[in-house]
There are 2 protein chains.
Amino acid sequence: YGTFEEETMLVFNSPTLFFFLISENVKSKRFTRKFTFRFICLFATFFITAWLFRRSTFLAAVPVSRSHDQDYDAFRESRGLHDVDIASTDFSHIEKAETNPEMRDFLSWRLVDHPEDTDKRAKTLTRNEDIVEEAQRILVNLLQDLLGKAKHVMLIEIATYENKGDPAITVGEVMLLRRMNISIVFYCKSSICKNNTYVDKAVELNKNYGKDELVIVMQGGGNMVGYVYFDNIRKVYIEKFPDRKIVVFSQSIWLNKNNKADLEYCRHVYSNRSNVVLFMRDRQSLEIAKTNFKGTTLILAPDMAFGIGMVPRQMPPSYDIVWLKRVDYESSRYALPAFPSNLSVDVRDWGHWKSNDGQTDMEKSFLVATNGFQFLQRGRIVITDRLHGHILSTLMNIPHVLIDNAPHLKLSSFDKSWTTSLRNTIFVTNGTLALDAARELLKRYHNSLPSVGPTDMYVVPRI
Amino acid sequence: YGTFEEETMLVFNSPTLFFFLISENVKSKRFTRKFTFRFICLFATFFITAWLFRRSTFLAAVPVSRSHDQDYDAFRESRGLHDVDIASTDFSHIEKAETNPEMRDFLSWRLVDHPEDTDKRAKTLTRNEDIVEEAQRILVNLLQDLLGKAKHVMLIEIATYENKGDPAITVGEVMLLRRMNISIVFYCKSSICKNNTYVDKAVELNKNYGKDELVIVMQGGGNMVGYVYFDNIRKVYIEKFPDRKIVVFSQSIWLNKNNKADLEYCRHVYSNRSNVVLFMRDRQSLEIAKTNFKGTTLILAPDMAFGIGMVPRQMPPSYDIVWLKRVDYESSRYALPAFPSNLSVDVRDWGHWKSNDGQTDMEKSFLVATNGFQFLQRGRIVITDRLHGHILSTLMNIPHVLIDNAPHLKLSSFDKSWTTSLRNTIFVTNGTLALDAARELLKRYHNSLPSVGPTDMYVVPRI
């Protein structure tokens, strides 16, 4: 409101009063003359106000003006392109807009000092944009303290495989680091990080940086304990760099009755590491970590894919419902209901939704993540039991139904901290309830959802 | 300006004058009292104006309000989602905004009566959005007259192969027909249209519709004469339906010294067909058609891919330049220049940039077209010798360099009619000039282009 108030002052201090004084000075003249002058006075006020208001609206709409080409800038703004472009780690507008005193206080916290209370505000938010922005604010708040003076990181692991969630996490990490003006001086895709050439290269590069100049960061995900392959990668680098600050980006712990040996192994890897900080993505994982990884800093933090920001649809949907159904062993194996004939539904997992190759592994991560958005935007709404079906739908503002993956509860535990008040999402426990909820969402958002694009394809006879 | 003027009247007719009269009625009181009243009067005017202005700005930004959920609607608006969603064939706002009397006159034309002057306004436009909208206006203007009362079409040919331009044409056709509320009651992908089962099905369906109730439309493209395979498809349907109105969507004629026999064949196919209308995509093709296809209606019309509308980027670019270079026999086979080390460039054709399969051929068309946008958005800018590299870049507002495909001049002939004044495009004739032009565009738009996303990938040592 700063600009608005300044301009209000301007209006009353100069042109308006100027015209006003003119009208006062002619009070000896005839009534009609006075009337004319006052009319001019009001008229001028009106247009100056209108002009200033348009100007202030325009300025407000382009938070960072850095263009020589205002038209092009306005176009980009109208397309929401600042989300993928304008680098800013300034979230002060959130605090300015917050009216709840308790939340205002929370917004002033250095979150590293409150590692288990980071989700205080996130879980109260209802709008997608606010949830995404709060997640980014939390991550930047934490990383500014954890990285300190360091302007360089080595990123251990980027995901290039077709499970869209993991590459989306990579992209979120890279985009967030970029906003913070941090350079990634080394990265390796998951399948090669442990190769000696890469480990040796990292050790060699490490020597170029002083103690405060470089931090090692590690890919987030849902692969701690349950996927020992990834713990092995982290173990190699944790043991190679005992004196470097290491931040493991937001992870869930995947634990079941077969994981006892793995948990024992991970206790060894992650406990009593004074140089290591583990971001835990949900409270269930945080509790397991608190019990098992003593002597290491643990912080509750949102998923790194939120670093991507809001993403627009590029095409009209082809289906009423895209049902992203996981087929791996994390699935809770619910039954699919029968679909009514007036609903078009596409049911599949996204592992076989293939992406093209770029010139580099990093480009591949971006291409796979983008392909995840492509997959989801084919639906007016989404049903999913995949955590990143939920998160990427949230980034696209696609209303969606979440099916919890009992008995592991990875989704509900995540949801409780970060998206529990999100208004266009419904949480259910099986396929039949999911379809009911989806029909409810289609009804509720009927007028605001894009229609199925090539609707007519369904009236074409299948020959 | 309608709304603005109405509100101006409102301001002066009611509250303002009301306050004004109050201040007149107290003129016997003390000066300070009068001052206070007039101050209130101005103050009220200011806030009523501001309120109305905000309201009018908001209304102006959401041209068709059809949502129960204003927040969600505003979000969609901010993402530019109306482009892929809101069905409207009302272009009256263009006429209202046009100040040139000659162009205002042009905008009132029924374009079927001026078949060779349809590009009068398009070639004067400089902004991408305006060019795209004008193309859509022209196509809707033509089709409203050509389809008449018909609410159904059979679409002969949809492109599902990986040459992104042809599927983009299909998508533009489908989206445009959908905006006009026309149902597609039959379609076939190129490779199966000539199969007897499909032809028979079309003949059978045709019987269900009266003379004015159905029109046959045929896929646009650049495959007339030069690609006899496609002329064969059109021939089959033209000969099967001598009494149906048939519109062949915008085509270029591809002619070279080897095409004499094909041209003779096409003379037979397309001449003296009183029920057929051929849209020609450029004047060079129009002239060839006028000479060779006598007795058939010819209309100069823009490419059908403009029917898609403006499309936002979904991801930050990975390269400074994406160089989309055709490798087929339409290429003019220019040499690639050496690239300076501070530029990241990806050179390839998009035929091997693979798309996923949908449930239907129509979904496949949409997926391939979307993949074309994915391909191009990897660059801050684009260099291309492909016509649809040019058109899809225009839809995404990506500044780009066009290399003409001499000696065929398909690109320059198209450009002359539809995009010759487009401001962020440079037309050149070889690879070296293209690189110079690209560097000029990168410089000119440096501050408004999204930066290369994972910039840091280039400082990572290749191991």
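Here are legends for a few close-up views of this predicted model.

**View 1. Helices α7(A) and α8(A) pack against each other at an angle of about 65°.** Here we're looking at residues 128-147 of chain A, which form α7, and residues 165-179 of chain A, which form α8. Their axes sit 11 Å apart, and α7(A) passes α8(A) in a right-handed crossing. On the α7(A) side, the contact brings in Gln136(A), Leu139(A), Val140(A), Leu143(A) and Leu147(A), while α8(A) offers Leu176(A), Leu177(A) and Arg179(A). Sorted by class, that makes six nonpolar residues, one polar and one charged.

**View 2. In chain B, α14(B) and α15(B) cross at roughly 35°.** Helix α14 covers residues 387-396 and helix α15 covers residues 410-418, with axes that come within 9 Å. Leu387(B), His390(B) and Ile391(B) from α14(B) meet Lys410(B), Leu411(B), Phe414(B) and Asp415(B) from α15(B). This contact is a mix of four nonpolar, one polar and two charged residues.

**View 3. The largest nonpolar core has 111 residues.** Met154(A), Tyr237(A) and Phe279(A) are the ones that touch the most other members. Helix α7(A) gives the largest share, ten residues. Domain 2 (81-308) and domain 3 (319-458) of chain A both chip in residues, so the core lies between them.

**View 4. Zoom in on Met154(A) and its contacts.** Leaving out residues up to four places away in sequence, Met154(A) touches Val185(A), Phe186(A), Ala202(A), Leu205(A), Asn206(A), Leu214(A), Val215(A), Ile216(A), Val217(A) and Phe241(A).

**View 5. Another core, of 110 residues, lies apart from the largest one.** Its members include Ala122(B), Val140(B), Ile184(B) and Leu298(B).

Key: Residues numbered from 1 in each chain as written. Chains lettered and ligands numbered in written order. Predicted model: local features only at pLDDT ≥ 70, side-chain atom pairs only at ≥ 80, totals over all residues. Heavy atoms only, no water. Axes fitted to C-alpha atoms, helices over the stretch in contact; angles between N-to-C directions. Helix = DSSP H or I, 4+ residues; strand = E, 2+ residues; numbered from the N terminus. Left-handed = near helix turned anticlockwise from the far one by under 90°. Contact = heavy atoms within 4.5 Å. Nonpolar A, V, L, I, M, F, W, Y, C, P; charged D, E, K, R; others polar. Core = buried A, V, L, I, M, F, W, Y, C linked by side-chain atoms within 4.5 Å. Buried < 20%, exposed > 50% of the residue type's maximum accessible area, 1.4 Å probe, protein only. Domains from an automatic or database assignment.
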